[in-house]
Amino acid sequence: MSRSGADDVAERGERGERAAPPALLGLDLRAIRRSFASAAAVAAAISPGCTCGAPAPPPPGQDAASAVTLSVFARGLDAPVALTFAPGDARERLFVVEKPGRIRILVDGRAQGAPFLDVSALVSTGEEQGLLGLAFHPRYAENGRFFVNYTDRRGDTRVVEYRAAQGDPDRADPATARELLHIEQPYSNHNGGHLAFGPDGRLYVGTGDGGKRDDPHGHGQNRRSLLGKMLALDLSGAGQERPAPEIVQIGLRNPWRYSFDRKTGDLYVADVGQDRYEEVHVVPVDRLAGHNFGWNVVEGDGHCLRGLSCSREGLTPPVMEYPHNDGCSITGGFVYRGAELPELDGLYFYADYCTALLRSFRWKDGRATEPTDWKPILDPENALSRVTSFGEDARGELYVLSQDGEIYRFARRR
């Protein structure tokens with residue numbers, strides 16, 4: 001697992017608090033999910049923009065309820081944690097990141113031969129460590145540049161640029177490695193690890209607070225630290241110097257998957273909580289910078305850490321939260337913008353690693369609206385487990401990844 005509400009597991013066990021999330025112990029996640037089911041709605045939102053109640057399933061008459069299904073797209077992968085495409089790729093290949101350190105090419109759901117890139121000798125392999133992120137340059141078809149985010153053998157974060165091999169588009173050239181960012185990690189958890197290009201052409205790097213409970217070093221609110229932040233790297237220069245990371249947003253605990261809506265450019269950030277709440281922030285494209293998401297002052301929508309009093313002045317609250325009755329480690333997804341399922345257009349999907357809940361909402365007029373529970377429709381048999389990530393292909397179709405090795409695709413029911 002490369003994530004995080006599980007980060008506090010050992011510490012809570014030592015202190016007699018909540019038991020370790022069973023996903024880390026290899027127990028029956030389906031049984032655990034049943035124990036989370038039917039949670040009562042939480043208290044009303046503190047801020048008017050927050051969707052904090054239990055979502056409802058799609059109404060019986062809604063077209064999507066009978067039209068959409070999850071179909072198995074690929075099996076047999078080794079802990080997949082990210083899925084993406086290369087812009088401008090005529091073959092529309094899919095690239096899947098395997099946590100132990102490999103990037104595989106998928107064609108029609110089948111892994112093709114040798115890995116596109118294998119950095120397994122460079123990465124650490126703890127529960128929340130490994131090869132965690134991949135992003136292709138917007139002009140990849142022209143320049144062959146792509147970027148990875150991994151924790152090295154010492155556990156530190158490395159963001160490294162590579163290029164595709166000349167004459168062989170199915171292979172990367174390891175000799176082209178160029179390090180762009182190195183961040184020392186004080187602990188093994190809360191590494192963030194995702195990468196995504198924004199509408200401004202910069203590479204966005206979400207970092208966790210460095211680990212342990214309560215952010216003991218105060219990285220989240222420390223504007224001089226690169227931990228607990230959303231960073232942006234300007235890669236427009238042609239030189240070999242490292243780009244200086246710009247701190248765009250602060251107050252993150254462990255952003256586990258964020259994405260830009262390919263239609264509007266708005267940024268959706270799912271941030272893993274500690275003891276009580278998981279949350280999603282939506283940042284409008286015209287106000288991407290300057291937000292403080294609150295960690296380690298608050299958790300979720302203004303809930304002061306550990307129940308203590310605190311000031312919420314200057315904080316940007318989440319637009320959605322859910323309590324740990326429902327799950328314990330959020331997995332952020334994408335706004336659906338594909339053509340196959342127009343019923344889903346504009347819905348942002350997210351899940352939970354521990355319980356495999358599958359939900360959506362629509363960002364409209366500055367609010368999260370239409371909170372919807374898709375679990376009864378798309379996964380009535382509880383087949384989905386340990387959701388590590390979502391993926392998007394060149395056409396905007398949506399995928400769900402399981403650490404167990406499966407990838408599912410949102411598809412039209414036949």
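**Exercise 1. A strand pair and its sheet**

Find how strand 16 and strand 17 pair, and over how many bridges. Then place the two strands in their sheet.

*Solution.* Start with the residue ranges in this predicted model: strand 16 covers residues 267–271, and strand 17 covers residues 277–283. Their pairing is antiparallel and runs over 5 bridges. For a detail to look up on your screen, go to Ala-270, which has Val-280 of strand 17 opposite.

Next, widen the view. The sheet is open and holds 4 strands in the order 15-16-17-21, with antiparallel pairing. Its edges are strand 15 (255–260) and strand 21 (320–323), each of which pairs on one side only. From one strand to the next, the twist averages 10°.

**Exercise 2. An unusual peptide bond**

Which two residues does a cis peptide bond join, and what is omega there? Where does Asn-296 lie?

*Solution.* Check omega: it is about 10° for the bond that joins Trp-295 and Asn-296, and this peptide bond is cis. Now locate the spot along the chain. Asn-296 sits in a loop, with strand 18 (291–292) on one side and strand 19 (298–299) on the other.

**Exercise 3. Positive phi without glycine**

Take Ala-79 and Asp-215. For each, give phi, find the loop, and decide: buried or exposed?

*Solution.* Let us begin with Ala-79. Its phi is near 50°, a positive value although the residue is not glycine. The loop that holds Ala-79 connects strand 1 (68–74) with strand 2 (80–85). For the last part you need the cut-off: buried means under 20% relative accessible area. Ala-79 has a relative accessibility of 12%, so it counts as buried.

Asp-215 follows the same steps. Phi is about 55°, again positive in a residue that is not a glycine. Asp-215 belongs to the loop between strand 12 (203–206) and strand 13 (229–233). With a relative accessible area of 2%, Asp-215 is therefore buried.

**Exercise 4. The protein as a whole**

How many helices and strands does the protein have? What share of its residues is buried, what share of the contacts joins residues at least 24 apart, and what does the accessible surface come to?

*Solution.* First, the elements: there are 5 helices and 28 strands. Second, burial: of the 414 residues, 60% are buried. Third, contacts: take those between residues at least 6 apart in sequence, and 58% of them join residues at least 24 apart. Finally, the accessible surface is about 16,200 Å², and carbon and sulfur atoms account for 48% of it.

Technical notes:
Residues are numbered from 1 along each chain as its sequence is written. This is a predicted model: local features need pLDDT of at least 70, side-chain atom pairs count only at pLDDT 80 or more; totals for chains, interfaces and linings use all residues. Side-chain values use heavy atoms; hydrogens and water are left out. Buried means under 20% relative accessible area, exposed over 50%, partly exposed in between (1.4 Å probe, protein chains only). Contact means heavy atoms within 4.5 Å. Accessible areas come from the Shrake-Rupley method with a 1.4 Å probe; for residues, only the protein chains shown count as cover. Two strands pair if DSSP finds at least two bridges between them. Axes are lines fitted to C-alpha atoms, for helices over the stretch in contact, and angles run from 0 to 180 degrees between N-to-C directions.
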